[in-house]
Amino acid sequence: MGEDRPSSGGDGPDDEWSVPDCPRCGRPVWLVTVSGPGPGIAAPCGCPVAPDLLAGNAGSGR
């Protein structure tokens with residue numbers, strides 16, 4: 001309860017979420033804030049990244 005994610009009903013590997021890695025430091029990126037046409041800021045690491053570098057990773061593994 002309290003989880004806002006879909007589940008296939010099992011506890012297998014398909015229930016695990018994967019997030020993209022930062023192309024600069026390799027840490028997991030949970031959020032990219034973009035406030036214009038330039039690079040965004042990845043969170044929680046704070047690295048500047050182009051949003052399209054992470055777009056191809058969305059939903060990978062599913």
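The three strands of this predicted model form an open sheet in the order S1-S2-S3, and their pairing is antiparallel. Strand S1 (31-33) and strand S3 (48-49) are the edge strands, since each of them pairs on one side only. Read along the sequence, the protein chain follows the pattern β-β-β-α, with 1 helix and 3 strands in total.

**The sheet and its pairing**

- Strands of a sheet pair through backbone hydrogen bonds, and the pairing may be either parallel or antiparallel.
- Strand S1 pairs with strand S2, which covers residues 40-43, in the antiparallel sense, and 3 bridges join the two.
- One residue pair can be named here: Leu31 has Ala43 in S2 as its bridge partner.

**Pro39 and its surroundings**

- Pro39 lies in the loop that runs between S1 and S2.
- With a relative accessible area of 58%, Pro39 lies above the 50% cut-off and therefore counts as exposed.
- When its neighbours within four places in sequence are left aside, Pro39 is still in contact with three named residues, Val49, Ala50 and Pro51.
- Pro51, one of these contacts, is 12 residues from Pro39 in sequence, while the C-alpha to C-alpha separation of Pro39 and Pro51 in space is 6.6 Å.

**The chain as a whole**

- The protein chain has 62 residues, and 15% of them count as buried.
- The accessible surface of the protein chain comes to about 4,800 Å², and carbon and sulfur atoms account for 55% of that surface.
- If one takes the contacts in the protein chain between residues at least 6 apart in sequence, 22% of these contacts join residues at least 24 apart.

**Confidence in the model**

- The average pLDDT of the protein chain is 74, and 61% of the residues reach a score of at least 70.
- Over residues 58-62 the pLDDT is below 50, and this stretch has 5 contacts in the model beyond near neighbours in sequence.
- Among the elements of the protein chain, S2 has the highest mean pLDDT, at 93, whereas helix H1, made up of residues 51-55, has the lowest, at 70.
- The element with the highest mean pLDDT is thus also the strand that pairs with S1 over 3 bridges.

Notes
Residues numbered from 1 in each chain as written. Predicted model: local features only at pLDDT ≥ 70, side-chain atom pairs only at ≥ 80, totals over all residues. Heavy atoms only, no water. Pairing = 2+ DSSP bridges. Helix = DSSP H or I, 4+ residues; strand = E, 2+ residues; numbered from the N terminus. Buried < 20%, exposed > 50% of the residue type's maximum accessible area, 1.4 Å probe, protein only. Contact = heavy atoms within 4.5 Å. Areas by Shrake-Rupley, 256 points an atom, 1.4 Å probe, with all protein chains shown as cover. pLDDT = per-residue confidence, 0-100.
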